[in-house]
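Reader: I would like to go through this model with you and hear the reasons behind the words used for it. Could we put the picture up first?

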Amino acid sequence: MTSSALVIEAHSNRGVATTDSGELTAFHFPRRLGRPLPGDRIHLDQFGTLTAIEDRTNEFGRGDNRGRFKPLAANLDRALIVIAAEPAPSPDLLHRYVAAALIRGIRPVIVINKSDLPVPHRPPFNELASFSDLGIPVIPCRCQPKPELGELADIVASGVSLLAGQSGVGKTSLLNALVPDLARQTGELSRVTGKGTHTTTSATLHRLPTGAWLVDTPGVWEYGLWTMESAELERGFPEFAALDASCRFRNCRHLTEPGCAIRSASEDGQIPPARYQAWVRLLREQERLGR
Ligand SMILES: Nc1nc2c(ncn2[C@@H]2O[C@H](COP(=O)(O)OP(=O)(O)OP(=O)(O)O)[C@@H](O)[C@H]2O)c(=O)[nH]1
Ligand SMILES: [Mg+2]
Ligand SMILES: [Zn+2]
């Protein structure tokens with residue numbers, strides 16, 4: 001007899017899941033079945049042991065310091081990529097996050113938190129139109145002095161969303177604003193894990209009043225991509241797709257190759273030059289990662 005459940009969080013060899021009747025249950029997993037992730041649908045036997053992880057629709061994650069993909073959560077409907085005036089994002093942070101989501105088949109949503117602070121006149125804040133032009137929503141919001149979430153509440157009202165972004169941009173503050181009974185939920189979680197306190201050291205799923213789910217992730221200082229082929233990285237630059245076939249070489253990497261349609265489109269502004277330059281930097285970064 002097995003029952004199915006949704007993973008809330010998982011650590012070295014144990015985790016917490018919510019059953020179909022909405023009860024939290026602790027489980028443990030033999031490593032040979034792989035590591036369950038928040039958002040995974042799993043099967044548990046009557047002893048609370050994992051017997052299977054259902055196939056994933058997608059995984060969001062990041063590159064570790066050796067360029068390997070480290071998954072954080074699974075089966076996501078969208079990634080909320082949070083940036084703020086403070087702490088200031090590095091120039092390629094947003095390009096990297098957006099590319100990561102698109103490459104992994106997850107819809108990116110850009111959230112500009114701390115709208116109470118003045119918007120800096122520098123990248124990526126003055127480049128946001130190039131993301132909106134790709135159909136990526138750009139949502140300004142704030143958590144202080146009183147939460148003003150704009151369209152964000154509607155966007156997260158269904159499915160599973162993940163909060164990603166640098167440490168200190170306000171991911172947990174947004175979670176607090178969206179999940180009114182967060183203290184009760186984390187209290188329940190601590191009771192089931194037997195741990196006194198609950199800190200955001202791993203990705204954790206939280207339930208919204210609508211029944212949708214929101215994953216909070218621990219912040220990073222710098223978000224790194226993993227090692228991949230240039231064709232895979234190019235999925236993170238969907239504005240290239242329409243012109244790609246016009247490059248003289250089929251395997252053109254759009255750097256210095258003669259007859260590159262992407263480079264000439266960036267020279268005449270058809271492709272935003274900032275996006276093209278980000279492509280060049282991320283591709284160079286791949287060469288360093290590959291070593
Ligand atoms: N001015 C301003 N400050 C905010 C806003 N939202 C959050 N903060 C502050 O930003 C700081 C970081 O907020 P957190 O929610 O802990 O950030 P986080 O992204 O969860 O950080 P990590 O967990 O380290 O990844 C806190 O001091 C918040 O009070 C906002 O809208 N405006
Ligand atoms: Mg946090
Ligand atoms: Zn080209």
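Reader: What phi does Gly 105 take, just after α1?

Author: Gly 105, which directly follows α1, has a positive phi of about 75 degrees. Before we go on, this is a predicted model, in which local features need pLDDT of at least 70 and side-chain atom pairs count only at pLDDT 80 or more, while totals for chains, interfaces and linings use all residues. Residues are numbered from 1 along each chain as its sequence is written, chains are lettered from A and ligands numbered from 1 in the order in which they are written, and side-chain values use heavy atoms, with hydrogens and water left out.

Reader: What makes a stretch such as helix α1 (residues 93-103) count as a helix?

Author: Helices (H or I, at least four residues) and strands (E, at least two) are DSSP runs, numbered from the N terminus. Helix α1 has eleven residues, so it meets the minimum of four.

Reader: Why is helix α1 called largely enclosed by the rest of the structure?

Author: Because ten of its eleven residues are buried. Buried means under 20% relative accessible area, exposed over 50% and partly exposed in between, with a 1.4 Å probe and protein chains only. Among the buried residues of α1 are Leu 93, His 95, Arg 96, Tyr 97 and Ile 103.

Reader: And Arg 66, buried or exposed?

Author: Arg 66 is exposed, because its relative accessibility of 62% is over the 50% limit. Arg 66 sits in the loop between β6 (59-63) and β7 (69-74). Leu 289 is 223 residues from Arg 66 in sequence, yet their C-alpha atoms are 7.2 Å apart in space.

Reader: What makes the phi of Asn 75 worth a remark?

Author: Asn 75 has a positive phi of about 60 degrees and is not a glycine. Most residues other than glycine have a negative phi, and most peptide bonds are trans. Asn 75 lies in the loop between β7 and β8 (78-84) and is buried, as 16% is under 20%. A polar atom of the Asn 75 side chain is 2.8 Å from the backbone nitrogen of Thr 57. That counts as a polar contact, a pair of N or O atoms within 3.5 Å; within protein, one must be able to donate a hydrogen and the other to accept it, and residues adjacent in sequence count only if both atoms are side-chain atoms.

Reader: Which kind of peptide bond joins Gln 144 and Pro 145?

Author: A cis one, with omega about -10 degrees. The bond from Glu 86 to Pro 87 is also cis, with omega near -5 degrees.

Reader: How do you know which atoms are the protein donors of the zinc ion (ligand 3)?

Author: Donors are N, O and S atoms within 2.8 Å of the metal (3.2 Å for Na, K and Ca); water is not among the atoms, so sites may look incomplete. Cys 247 (SG), Cys 252 (SG), His 254 (ND1) and Cys 260 (SG) lie 2.1 to 2.4 Å from the zinc ion, so they qualify.

Reader: Why is the site of the zinc ion called tetrahedral?

Author: Four donors count as tetrahedral if all angles lie between 85 and 135 degrees. The angles here are 104 to 116 degrees, so the site passes. Cys 247 and Cys 260 are both in the loop between α7 (241-244) and α8 (261-267), so the pair ties together parts that are 13 residues apart in sequence. Cys 247 is buried at 7%, Cys 260 at 3% and His 254 at 0%. His 254 also has a positive phi of about 60 degrees.

Reader: How many residues surround ligand 1?

Author: There are 15, with Cys 143, Gln 144, Ser 167, Lys 171 and Ser 173 the closest; a residue is near a molecule if one of its heavy atoms lies within 4 Å of it. A backbone N or O atom of Cys 143 is 2.7 Å from an oxygen atom of ligand 1, and polar backbone atoms of Thr 172 and Gly 219 each lie 2.9 Å from a ligand oxygen. The largest share of this shell, three residues, comes from helix α4 (residues 171-178).

How values were computed:
Four donors count as tetrahedral if all angles lie between 85 and 135 degrees; four count as square planar and six as octahedral if opposite donors are over 155 degrees apart and all others between 65 and 115; anything else is irregular.
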